[in-house]
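Hi,

Here is the structure I promised to hand over. Please open it first, then read my notes below.

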Amino acid sequence: HMACVGLTVVPEGMWQCAVCATSVAPRVSVLHPPLVIADELLPWLESGKYLGVELAADCSLDVELSARIRKARAAFAMVRPLMVGCSGSFLRRSFSRCLEALVLAVLLYGCEAWALSSAQLERLEVCVRGMLRYALPARVRRRWTDIGRLVPNAFVHAYFCVPTVAVLLARRQLQWIGHVLRMDVHRVPRILLDGRCAAVGPGAG
């Protein structure tokens, strides 16, 4: 269904653009096949940005996650002055709402299409937990240090009523799947969701 977006691959393995109807023979390296659009040969890039998302040639999410974490921390730096002088329930309500609207929205931008490894998920969890621990009042931290214990991660999330990143990811991905399933069957996202490889059956690998 690449023809829906203007690209097809001819049987000989060459890229073909529906706009200019030209094709180019593949190079020696099958990892970098040439791509021509409107008679212009596009250069091969190891990484690039599209719609605010960092794309890597090896389809790795590490570059995108590093950019997301960096931008989320910059957003959190702007939220921190709002916590000065706050205490009690007002601190928790204001901080959790600011975190969700200004920080988590940046951190999890585009997460509906992510397929994270356990190490990548832990990077995001550590980032969010660090922000929550920073906002934890000193009296609450002293309560745990007085008994010789570190503040548990579960307590930190419960104190601010902020779910873990794993829960937030599951929610957003399920919402996106529901949105795609309600699309018309001729829409490209729905076609990609329902599509199957012709030569390989489900569960074959």
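Arg190 sits in helix α7, which covers residues 188–194. One caution before going on: this is a predicted model. Is Arg190 buried or exposed? Arg190 counts as buried, because its relative accessibility is 15% and the cut-off for buried is under 20%. What does Arg190 touch, leaving aside neighbours within four places in sequence? Its contacts are Val180, Leu181, Met183, Asp184 and Val185.

Now to some other arginines. Arg92, Arg139, Arg141, Arg142 and Arg143 form a patch of positive charge on the surface. Which helix gives the most to this patch? Helix α4, residues 138–145, does, with 4 residues. Arg139 is located in helix α4. Arg139 counts as partly exposed, because its relative accessibility is 41%, and partly exposed lies between the 20% and 50% cut-offs. So two arginines fall into two classes: Arg190 is buried at 15%, whereas Arg139 is partly exposed at 41%.

Last, the chain as a whole. There are 7 helices and 7 strands. From the N terminus, the order is β-β-β-β-β-β-β-α-α-α-α-α-α-α. The chain has 205 residues, and 30% of them count as buried. Take the contacts between residues at least 6 apart in sequence: 45% of these join residues at least 24 apart. The exposed area of the chain is about 13,300 Å². Carbon and sulfur atoms supply 62% of that area.

Best wishes

Key: Residues numbered from 1 in each chain as written. Predicted model: local features only at pLDDT ≥ 70, side-chain atom pairs only at ≥ 80, totals over all residues. Heavy atoms only, no water. Helix = DSSP H or I, 4+ residues; strand = E, 2+ residues; numbered from the N terminus. Buried < 20%, exposed > 50% of the residue type's maximum accessible area, 1.4 Å probe, protein only. Contact = heavy atoms within 4.5 Å. Patch = residues over 30% accessible without salt bridge, like charges linked within 9 Å, V, L, I, M, F, W, Y side chains within 5 Å. Areas by Shrake-Rupley, 256 points an atom, 1.4 Å probe, with all protein chains shown as cover. Salt bridge = Lys/Arg side-chain N within 4 Å of Asp/Glu carboxyl O. Lys, Arg positive; Asp, Glu negative; His and termini not counted. Charge placed at Lys NZ, Arg CZ, Asp CG, Glu CD.
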